[in-house]
Amino acid sequence: MTAGLFDLTGRRALLTGSSQGIGLALARGLAEAGAQVVLNGRDPAKLEAARAGLAASGLAAEVAAFDVTEAAAAEAALAEIEARLGPVDILVNNAGITRRMPALDVLPAVWHEILRTNLDGVFFVAQAAARRMTARGRGKIINIASVQSDLARPGTAPYATSKGGVRMLTRALCAEWAARGVQVNAIAPGYFATELTRPLVEDAEFTAWLARRTPAGRWGRVEELVGACVFLAAPASDFVNGQMLYVDGGMTAVV
Ligand code: NDP
């Protein structure tokens, strides 16, 4: 009965922003579960290093460099990947950026850069993938949201706004695509040590606050996001739709 619930053999997954950090860890996890993974980012050299790192562990990966903020580039990339490799069954919308500063100092260019990457990019790539998934009647879209989809913190107005948008976009796309065989869900990570959070990891005061604020009492490790991603990519979640799964050491469960 349970055989195959978490098996991704024969599935193909595109992960945006997977040349490092969370995206790369998720790519490794999906590959270990049997999927063929396609790595994405803007920098071809970083992508090649990530591909080589997976290959060193015996995990094959393909690469597709494009900028998620460009709708036409996303559409061209999906067409190219499907022509070269075959159908994309799983999309992980992970590419994201932040700039931490007081709201009063946020210039229009910074606001737009963050919203374009974290929200427009999720929509454009989802749209390009879902054009094909809905036609086939099958697909899994996993958006990487954040605890900041719900909780704000000083210095994060554009980022928190973008991640709140990802939460509602996940629900809106579920509303339209669920009946056509596509599941659209989100993972909301708490605080994980990556390049994105390096200034916070190096801030002893922040780390002490985080340990007090998080029931688990520590930073997350990127591998700890893999289980949620495999679940949302696999047949086990076929009737789960429009949901946001928190992987946050308990942070959003407590005041
Ligand atoms: P990193 O900064 O380590 O990695 C970001 C990745 O996204 C890189 O591979 C980068 O490659 C790529 N990227 C950035 N902009 C674009 C773009 N326009 N088009 C394509 N690729 C792009 O970040 P994390 O791994 O920490 O974060 C990954 C996701 O997880 C983000 O959405 C983030 O908001 C979210 N998240 C992270 C948390 C954490 O604690 N780390 C907590 C909650 C959510 P390149 O620059 O070469 O394009």
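The questions and answers below concern a predicted model and its ligand.

User: Where does the ligand sit, and which elements give two or more residues to the shell around the ligand?
Analyst: The ligand is placed in the largest pocket. Two elements each give two or more residues to the shell around it. They are α1 (21–32) and α5 (157–177).

User: Which residues come nearest to the ligand?
Analyst: There are 33 residues around the ligand. By kind, the shell divides into twelve nonpolar, 15 polar and six charged residues. Those that come nearest are S19, N94, Y159, F192 and T194.

User: How much of the accessible area of the ligand does the protein cover?
Analyst: Polar atoms of the protein lie by ligand oxygen atoms at several places, including a side-chain atom of Q20 at 2.9 Å. A backbone N or O atom of N94 is 2.7 Å from a ligand oxygen, and a polar side-chain atom of T194 is 2.5 Å from one. On its own the ligand has 900 Å² of accessible area, and the share covered by the protein is 94%.

User: Which residues does the UniProt annotation "domain: Ketoreductase" cover, and how far apart are the end C-alpha atoms of that span?
Analyst: The annotation comes from an unreviewed UniProt entry and covers residues 11–195. This span is 48% helix and 16% strand. The distance between its end C-alpha atoms is 29 Å.

Conventions:
Residues numbered from 1 in each chain as written. Predicted model: local features only at pLDDT ≥ 70, side-chain atom pairs only at ≥ 80, totals over all residues. Heavy atoms only, no water. Near = heavy atom within 4 Å. Polar contact = N/O pair within 3.5 Å; in protein donor to acceptor, adjacent residues only side chain to side chain. Areas by Shrake-Rupley, 256 points an atom, 1.4 Å probe, with all protein chains shown as cover. 1 Å grid on protein atoms, 1.4 Å probe; cavity = no way out; pocket = protein on both sides within 12 Å on 5 of 7 lines; lining within 4 Å. Sits in = over half its atoms within 2 Å of the grid points. Helix = DSSP H or I, 4+ residues; strand = E, 2+ residues; numbered from the N terminus. Nonpolar A, V, L, I, M, F, W, Y, C, P; charged D, E, K, R; others polar. UniProt positions renumbered as here; feature names shortened; annotations may be inferred.
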